Amino acid sequence: SGMAPRTFGPHPFLIPTMAPDRQEPPARSGDERIALDHLLGIAAREYGHSPPLLRELCTDVVDLYQGRWPSREACQVGYHTIRHACDVALAAARMIAGWNRVNPERQIPGELFLGGVAAALFHDAGYLKDKGDTDGRGGKFTYSHVARSAELARRYLADHHWPARLVELAPRIIGVTEFHDKPRLSGFGDPAAETVARMVATADLVAQMADVDYMQSIRDLYEEFQEAYEHEGRENLEQRGIKIFNSLQEVLDGTIPFYEHFVLPRLQQLGRMDQYLIAFFGEGRNPYLENIAANLSGQLLDKRVQWRRLGDILQELGFASGQEIEAALARQKVQKGTAPEQAGATPFRQRLLAWMESQGGCRCLGDILMEMSIIEPAVLRQGLLTQMLPGALLEELSREEMLALLRISMLLPNICKGRWILEQVQEMINSMLACEAGSILLADPERQQMVVLVQAGPRRHVQGPGLPLDKGLSGWVYRHGQPISLADAIADERYNGELDRRIDLETGSILAVPVHLNGECVGVMEAFNKRGGSFNAHDMDVLAMLANVIATTLDCVLKPAE
């Protein structure tokens, strides 16, 4: 940048010969050494050198967690490990570097960088048991570890002759990571020191939520909670207003509310220091945010939410507010009303060139949200992938189902060549779900009826008037926008049977899901008579995914040429 490097102070530091930080996402399990190398690389790049105090600290903290200190046992808990400590320290260092790039006139001094990193590396050391303590694994310190961590940090920094200011500052920063109370941000005196404290507390949250092994971490965290409950007493904790989890599933189910009602407000209270990660990584990217989106979107769809609008996903993950989504949708509706009219049969080359010049013509909601600087392209990419193929479902798909999905996805873009393509796709879906028949019905609200777009099974659909929109299972699914699965459809009072009679099908089990497009329910997709039993939740997930893929593909392929 042409600027003189910041300095740590009067101490004689050596310039290390190490690989620079490659600006990678949070490290995977077992990569704490790599994280520390990145951390030292940031120090060297930001301040011109990497101080021996910092290098010694990194080595000593690893030794601490591995049980090489005479005063502490090795780390025995599953979540608050050396890996987490290093992830938090690295995230905090990246925020500081991002801050320095955004605020060249108010850069964080090197001494405060040291204090913040020290606080981050020690912030969970209070989970480590005293030497000789054989009671539990350390989870018992869940509600007291902050004070223990702060005291351990103070003793270490004093014994190793750190600057007196940092000996007092690092424990205070650790206190801000106490999430059972409001952030204690008063009394720092120096605005830069308070900023670093905000960053360390933010890094603690962001690194946890962005962990690529986040779901396993929740299981480890639950085990720590259970030990703390036994040690502290459940009634005592409840009297202190602490939430008690009675099962692992309860913790998993609480992930989304935890992010929505605790993490997001907490990040706001801390000043959204995570925004400086974007400045650090450049190109509008924040891999931490992308990982959080992936983790939470998987949780959203693991709740059997069969289809979610992209706007809902972005809003629930905290990437855009409801007002911002509505504003973008309003702009989308206006632009749709002024879209160019169809120009007839235009050669592909001309249509492609026109698309390139217009950047795709009529923009989607995501385009508008990016234009409004509400989300970044990488976040939109994650949202679209989550919308089309939820991570939780992806893990459940068998090899045969993946191959079938690939073939269907490759065949669908050829729908413009004839309706028979869609009929073949429906045949493939029937085979994929192991069912006797299937159909796609489109809603015609003006005529209050459902029109059969395609049907595949024992007999072809016999043309006739549309099915009543206010009757039958398909009408119910359309009106409520919710899927339904019945083992014995005829026994259900909502069953109409009109389509069955037209195709001479005796319906037993039935599965029906809504077909959505751009936030609107436009039809229903059905599957009839599961072979060897009834449709299950996995079948419902698969059919909902296919309905989404088909609707999106048809919308793109059948758009008029501009």
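The points below describe helix α4, its surroundings and several aromatic residues in this predicted model.

1. Helix α4 runs over residues 110-122, and at 1.5 Å a residue its 13 residues should span 18 Å; the end C-alpha atoms lie 19 Å apart, which agrees with that expectation.

2. The helix is mostly covered, since 12 of the 13 residues of α4 are buried. Among these buried residues are Gly110, Gly115 and Gly116, together with bulkier names on the list such as Leu112, Phe113, Leu114 and Phe122. The helices against which the buried residues of α4 pack are α1 (32-47), α2 (52-65), α3 (82-102), α5 (145-159), α6 (164-176) and α7 (191-209).

3. One of these partners can be described in more detail, for α1 and α4 pack at an angle of about 170 degrees with their axes 11 Å apart. As angles over 145 degrees count as roughly antiparallel, α1 and α4 are therefore roughly antiparallel to each other. On the side of α1 the contact is made by Leu36, Leu39, Ile42, Ala43 and Tyr47, and on the side of α4 by Gly110, Phe113, Val117 and Leu121. By type, the residues of this contact divide into 8 nonpolar and 1 polar, with no charged residue.

4. Beyond the helix, Phe141 is found in the loop between α4 and α5, and at 11% relative accessibility this residue counts as buried. Phe141 and Leu128 are 13 residues apart in sequence, while their C-alpha atoms are 8.4 Å apart in space. Leaving aside neighbours within four places in sequence, Phe141 is in contact with Gly126, Tyr127, Leu128, Lys129, Asp133 and Arg148.

5. The count of aromatic pairs in the model comes to 11. In one pair, the rings of Phe122 and Tyr156 have their centres 5.3 Å apart and their planes at 50 degrees, so the pair is tilted. Because Phe122 lies in helix α4 and Tyr156 in helix α5, this pair ties together parts that are 34 residues apart in sequence. Both Phe122 and Tyr156 are buried, and with Trp69 they form one aromatic cluster.

6. Another aromatic pair is formed by Phe258 and Phe262, whose rings are stacked, with 5.3 Å from centre to centre and 20 degrees between the planes. These two residues are 4 residues apart in helix α11 (residues 255-269), and are therefore separated by about one helical turn. Phe258 counts as partly exposed at 29% relative accessibility, and Phe262 is likewise partly exposed, with a relative accessible area of 24%.

Methods. Residues are numbered from 1 along each chain as its sequence is written. This is a predicted model: local features need pLDDT of at least 70, side-chain atom pairs count only at pLDDT 80 or more; totals for chains, interfaces and linings use all residues. Side-chain values use heavy atoms; hydrogens and water are left out. The expected span of a helix is 1.5 Å times one less than its number of residues. Buried means under 20% relative accessible area, exposed over 50%, partly exposed in between (1.4 Å probe, protein chains only). Contact means heavy atoms within 4.5 Å. Axes are lines fitted to C-alpha atoms, for helices over the stretch in contact, and angles run from 0 to 180 degrees between N-to-C directions. Angles under 35 degrees count as roughly parallel, over 145 as roughly antiparallel, 65 to 115 as roughly perpendicular and the rest as oblique. Ala, Val, Leu, Ile, Met, Phe, Trp, Tyr, Cys and Pro count as nonpolar, Asp, Glu, Lys and Arg as charged, and the others, Gly among them, as polar. Rings of Phe, Tyr and Trp (its six-membered ring) pair if their centres lie within 6.5 Å; planes under 30 degrees apart count as stacked, over 60 as edge-to-face and the rest as tilted.
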